[in-house]
Amino acid sequence: WGGAVIDDNDSWLQWNIFRVRDCYADYTKSLAEVIDRTAPQVKLGSFVVKNLDPQAGLYAYHHMAPCGAVSCYDYPRATGTDANAFFMRQSGIMGNRQKESWMLNWIGGDPSLAMGTDTASPGEVRCQFWNMLAAGNRVISFFRYGEPGTKECIEGTPALEELGRAGAIARKVGPLFVAARPAAAKVAVLCSFTDYCGSLLHSIGGWWGVRAALRDAFFAALVENLSPEIRAEEELITGQAGNYRVIIVPNIRFIRKSALAELEKQAAQGRLVLINANSPISIRGAVRCSTSKEMAQLAKKAIGPLPLDPRSPEVTVQQFVAPGLAMFVLVNLANGADRIKTRYAKAKPASLAAAVSSRTAAYYDLLAGKALPFAGEDLPISVPAAGGSIIVAYDEPVGAVQIGLKESVVRGGGQQLSLRVKTKADKVSESTHLLEVVVSNMAGESTEYSQMVVAESGTATISIPIASNDPLGPWKVAVREMASSVSGV
């Protein structure tokens, strides 16, 4: 290619689109059609470690399109950061944002790779879990190398115990993450498929440099807690960039004409378009920046105060929303050049004096089950070493939990619970709440009817089928609003 701006009908560009859209993706489509006929409950995902590798026929916008779910796996020790979970998910959901995502991460060492052969540490498991959760994945999973009895195996180790603790957290908060969705992003980072195609003309491995530029711009925005989304060139061309306040263009060398026209249109409409100063592409109305960090800082200034700003380079925050609920997932990143378990051993808890944009909301630590009072203008938050915290904000503080039920039921019959969360003003809450429902038998033992429930607009109804062999006698139902620990019996 002789210039930076490429015609949309260019033969090399179209050939690469054919490879990923009509070859790899069409093969995946055939598999998906067979699965839909034989096992419609199964969701097919293209399980790859590289969402962006046109050399291998991989480009998530196209090859994930026929799939029922977005899936990927990663080697955090190889990429040098557990926060790569954010990049992997965002690059995977280009054009597939309505789909659930599943991520698999590697823990522990591998004798065949130069990344350490030690057993995974509890901190490594914990940090990876929280990054995958905060990234918005619906399914979180792990794999490891090593046969039982080898030092790479995690059986019988503290790492396995940490997996159990992570699973307990997932079971507890999982229903709330199903009900909530990531908050609408205000910053987009452009992924140029055209640039990937151009890189293959210069070097067979050139696409890796394109990916590195994208990651650099993405992580700079992530560190500033801007919750950036990666947008494919194709999404930009089809008019899906209008909801962002800022569009970041990394150090790319090639772009197609239609994408360039859309960027200039967005800039003319008042959106902030930032481009790396080293890029040969000229965009009318865009601001050139010398580094990705400078682009991220300008983006943050343009957006204004964040809903919750941890004010710490060691902690990231991602916002999720549901009716009447703002939920913030904070992750203590355990940063460091050391990719092996010593990094986690050195990790320390973070004590934050966070800034919030709303001082009228009621803030709670969801896992601790307690209210968070202000300290002056700041909101004190604690985040465990190499771990995370979940902060929820309601419009009004929680005052009470009420339970409506039948006083008596017979074996083989059913019990129906009507649950209501009330505010301190004695009104039914309009927020979304996570409730722990514990149903105990006459011996005081929690039964299989106990469960976690999401109460939308402060209310929930649960039907409990009573078995014909359940023990007779007085049973008890206790309901706890998880964030506040306010209970009803």
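Look at L330 in strand β16: its bridge partner in β21 is S389. That pair belongs to an antiparallel pairing of β16 with β21 that runs over seven bridges. Keep in mind as you explore that this is a predicted model.

Now stay with β16 and look to its other partner. Strand β15, residues 315–322, also pairs with β16 in the antiparallel sense, this time over eight bridges. Here A322 has L325 of β16 as its bridge partner. β15 and β16 form a hairpin with two residues between the strands, and in that hairpin G324 takes a positive phi near 70°. If you're wondering what holds such strands together, strands of a sheet pair through backbone hydrogen bonds, either parallel or antiparallel.

How many of the residues of β16 are buried? Eight of eight, so this strand, residues 325–332, is mostly covered. You can check it face by face: L325, M327, V329 and V331 are buried on one side, and A326, F328, L330 and N332 are buried on the other.

V331 gives us a handy bridge to another part of the structure, since it is in contact with N131. Where does N131 sit? It is found in helix α5. N131 counts as buried, because its relative accessibility is 0%. Beyond its close neighbours in sequence (those within four places), N131 also touches D82, A83, A85, F86 and L333.

Follow α5 itself next. This helix, residues 122–134, has an axis that comes within 8 Å of the axis of α6, residues 158–179, and the two cross at roughly 20°. That angle is why α5 counts as roughly parallel to α6. The crossing is right-handed. On the α5 side, the residues that meet α6 are P122, V125, R126, F129, W130 and L133; on the α6 side they are P158, A159, E162, L163, A166, I169, A170 and F177. Sort the residues of this contact by class and you get twelve nonpolar, no polar and two charged.

α5 has a sheet to deal with, too: it lies across β5 and β6, running at about 150° to β6. The sheet in question is an open one made of three strands in the order β4-β5-β6, with parallel pairing. β4 (70–74) and β6 (139–143) each have a single partner strand, so they stand at the edges with one side lacking a neighbour in the sheet. On average, neighbouring strands here are turned by 15° against each other, direction ignored. Between β5 (residues 101–106) and β6 there are five bridges, in the parallel sense. One example to find is M103, whose bridge partner in β6 is I140. Helix α4, residues 84–92, packs on this sheet as well, touching β4 and β5, and its direction makes about 145° with that of β4.

For another helix pair, jump to α1 (residues 11–38) and α7 (residues 193–202). Their axes come within 10 Å and cross at roughly 105°. With that angle, α1 is roughly perpendicular to α7. W12, L13, N16, I17 and V20 of α1 make the contact with F193, T194, C197, G198, L200 and L201 of α7. By class, that's eight nonpolar, three polar and no charged residues.

Past α1, in the loop between this helix and β2 (52–53), you'll come across S46. Is S46 buried or exposed? With 6% relative accessibility, S46 counts as buried. Leaving out residues up to four places away in sequence, S46 touches Y24, H63, M64, C67 and S71. S46 and L58 are twelve residues apart in sequence, and their C-alpha atoms are 9.7 Å apart in space.

Finally, here are two backbone oddities. Most residues other than glycine have a negative phi, and most peptide bonds are trans. N225 is not a glycine, yet its phi is positive, about 60°. You'll find N225 in the loop between α8 (207–223) and β9 (229–232), and its relative accessibility of 6% makes it buried. A386 also has a positive phi, of about 50°, although it is not a glycine. Its place is in the loop between β20 (379–383) and β21 (388–394). A386 is buried as well, with a relative accessible area of 0%. That loop leads you back to β21, the strand that pairs with β16.

Notes: Residues are numbered from 1 along each chain as its sequence is written. This is a predicted model: local features need pLDDT of at least 70, side-chain atom pairs count only at pLDDT 80 or more; totals for chains, interfaces and linings use all residues. Side-chain values use heavy atoms; hydrogens and water are left out. Axes are lines fitted to C-alpha atoms, for helices over the stretch in contact, and angles run from 0 to 180 degrees between N-to-C directions. Helices (H or I, at least four residues) and strands (E, at least two) are DSSP runs, numbered from the N terminus. Angles under 35 degrees count as roughly parallel, over 145 as roughly antiparallel, 65 to 115 as roughly perpendicular and the rest as oblique. A crossing is left-handed if the near helix is turned anticlockwise from the far one by less than a right angle, and right-handed if clockwise. Contact means heavy atoms within 4.5 Å. Ala, Val, Leu, Ile, Met, Phe, Trp, Tyr, Cys and Pro count as nonpolar, Asp, Glu, Lys and Arg as charged, and the others, Gly among them, as polar. Two strands pair if DSSP finds at least two bridges between them. Buried means under 20% relative accessible area, exposed over 50%, partly exposed in between (1.4 Å probe, protein chains only).
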